Structure formats: C-alpha cells, structure tokens
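Biologist: Could you take me on a close look at one part of this structure, and then follow the thread outwards from there? Keep it informal, please, and tell me what sits where.

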Amino acid sequence: MYVSIKDLDILLSNIEPVLDERNFVFCSFPTIDWKIMYELNPIGIFHEKEGVTFILEQQDAVNKKIHYQSVYRLITLNVHSSLDAVGLTAAFSAKLAEKNISANVVTAYYHDHIFVPEEKAEQALNAILELQKGAVSKLRHSPFFF
C-alpha cells in the first residue's frame, strides 16, 4: 500500500525523477473515436470543449499520419504525492522556468508526470535533481532531522 505525502519538503527530497526514453506528442481530435483510441493506445486523454487531446508516443502518431506540433520527453516523479499536496507543481515549474524550460504537467493518482521539450530533457532532469538536492539539504539542516 502506498502512503501519499503532503509535506512539500519531504515530497521534494523524495521526488526521484526518471526520464522516459520515449518521445511523446500531444494530438487533438474533434471527438473521441474509441476505435482510434484503442489502436493508438494513448498514455493520456483529456476532454476539452474544443476537442479531445491524446498524448501518444511519437512513433504511433507518425505511423498513423497524425498531425502534431512538438515532441516531448516524459519525466515521472517517483514519489507518491497526495492530490491535496500544496506547492509541488509550483516548485518544479519555477525551477524549470528558471532554466527556460516549458513544462506540461499531468498529475495522476500516484505520481506527477512532466512533459518537457525533447531537446531540453536532460537539462530538465538535472534541474529537478538540483531541486531534490536542495530539499534534502534543507531537511538535513532542520532541527527535526534525525
């Protein structure tokens, strides 16, 4: 059983970011077609009033001749953050913004997932690791650290 974490300093010190090897794209469709969805096997779907967004592996989009604009890599934070936690998204977004890296965030039940531009993926991973290191240092200097 997983225990979700709400405390920001504990979350940041345990984020354990992992960079996925695959490339991903965001594609939009006017309506959802379940047959296409099944064939494409998106890792994410979101319904908006303008249409349905699929997050796909780039190769799947290429194979099916589906239009996309940009290519992203996925960084997953391997800490079970609570959906009620405050400040985690702001912390890593600020760190990435400091490095001029855009972030498209998907929060799921267990983890936060950050899609960053393919060409800045390693730089983004290093920025998040810096954030983690800073949080670990802060906790070590806390009077409550054992």
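Modeller: Let's start at Asn 14, which sits in the loop between α1 (8-13) and β1. Bear in mind that this is a predicted model. Asn 14 is partly exposed, as its relative accessible area is 32%, and that value falls between the 20% and 50% cut-offs. If you skip the neighbours within four places in sequence, Asn 14 is in contact with Asn 78, Val 79 and Gln 132. Now look along the chain to Thr 31: it is 17 residues from Asn 14 in sequence, yet the two C-alpha atoms are 39 Å apart in space.

Take Gln 132 next, since it is one of those contacts of Asn 14. Gln 132 belongs to helix α5 (residues 121-140). With a relative accessible area of 15%, Gln 132 is buried, whereas Asn 14 is partly exposed. Again leaving out neighbours within four places in sequence, the contacts of Gln 132 are Leu 12, Ser 13, Asn 14, Ile 15, Glu 16 and Pro 17.

Stay on helix α5 for a moment and find Glu 130. Its side chain meets that of Lys 95 in a salt bridge, at 3.0 Å from N to O. This pair links distant parts of the chain, with Glu 130 in helix α5 and Lys 95 in helix α4, 35 residues apart. The two partners are not equally covered: Glu 130 is partly exposed at 38% relative accessibility, while Lys 95 is buried at 15%. The pair also belongs to something wider, as salt bridges with shared partners join Lys 95, Glu 98, Lys 99 and Glu 130 into one network.

In total, the structure holds seven salt bridges. Another one brings us back to the strands: the side chains of Glu 57 and Arg 22 meet at 3.1 Å, N to O. Here too distant parts of the chain are linked, Glu 57 being in strand β3 and Arg 22 in strand β1, 35 residues apart. Both ends are partly exposed, with Glu 57 at 28% relative accessibility and Arg 22 at 33%. A further salt bridge joins Glu 39 to Lys 64, whose closest N and O atoms are 3.4 Å apart. Glu 39 is in helix α2 (residues 34-40) and Lys 64 in the loop between α3 (58-63) and β4, so this pair ties together parts that lie 25 residues apart in sequence. Glu 39 is partly exposed, with a relative accessible area of 42%, and Lys 64 is partly exposed at 44%.

Back to the strands themselves. β1 and β3 pair in the antiparallel sense over six bridges, and Ser 28 has Thr 53 in β3 as its bridge partner. On to strand β2 (residues 44-48): five bridges join it to β3, and the two run antiparallel. Glu 48 stands opposite Gly 51 in β3, and a hairpin of two residues joins β2 to β3. Of the seven residues of strand β3 (residues 51-57), six are buried, so the strand is largely enclosed by the rest of the structure.

Strand β1 also takes part in the aromatic story. There are five aromatic pairs by the rule used here. In one of them, the ring centres of Phe 26 and Tyr 72 are 5.4 Å apart and the planes stand at 80°, so the pair is edge-to-face. Phe 26 is in strand β1 (residues 17-29) and Tyr 72 in strand β4 (residues 72-77), which puts them 46 residues apart and links distant parts of the chain. Phe 26 is partly exposed at 27% relative accessible area, whereas Tyr 72 is buried at 15%. Phe 24, Phe 26, Tyr 72 and Phe 115 form one aromatic cluster.

Tyr 109 and Tyr 110 make an edge-to-face pair as well, 4.9 Å centre to centre with 80° between the planes. Tyr 109 is exposed at 56% relative accessibility, and Tyr 110 is partly exposed at 39%. Together with Leu 83, these two tyrosines make a nonpolar surface patch of about 360 Å². Leu 83 is in the loop between β4 and α4 (88-98), and at 55% relative accessibility it counts as exposed.

Notes. Residues numbered from 1 in each chain as written. Predicted model: local features only at pLDDT ≥ 70, side-chain atom pairs only at ≥ 80, totals over all residues. Heavy atoms only, no water. Helix = DSSP H or I, 4+ residues; strand = E, 2+ residues; numbered from the N terminus. Buried < 20%, exposed > 50% of the residue type's maximum accessible area, 1.4 Å probe, protein only. Contact = heavy atoms within 4.5 Å. Phe/Tyr/Trp six-rings, centres within 6.5 Å; stacked < 30°, edge-to-face > 60°. Patch = residues over 30% accessible without salt bridge, like charges linked within 9 Å, V, L, I, M, F, W, Y side chains within 5 Å. Areas by Shrake-Rupley, 256 points an atom, 1.4 Å probe, with all protein chains shown as cover. Salt bridge = Lys/Arg side-chain N within 4 Å of Asp/Glu carboxyl O. Pairing = 2+ DSSP bridges.
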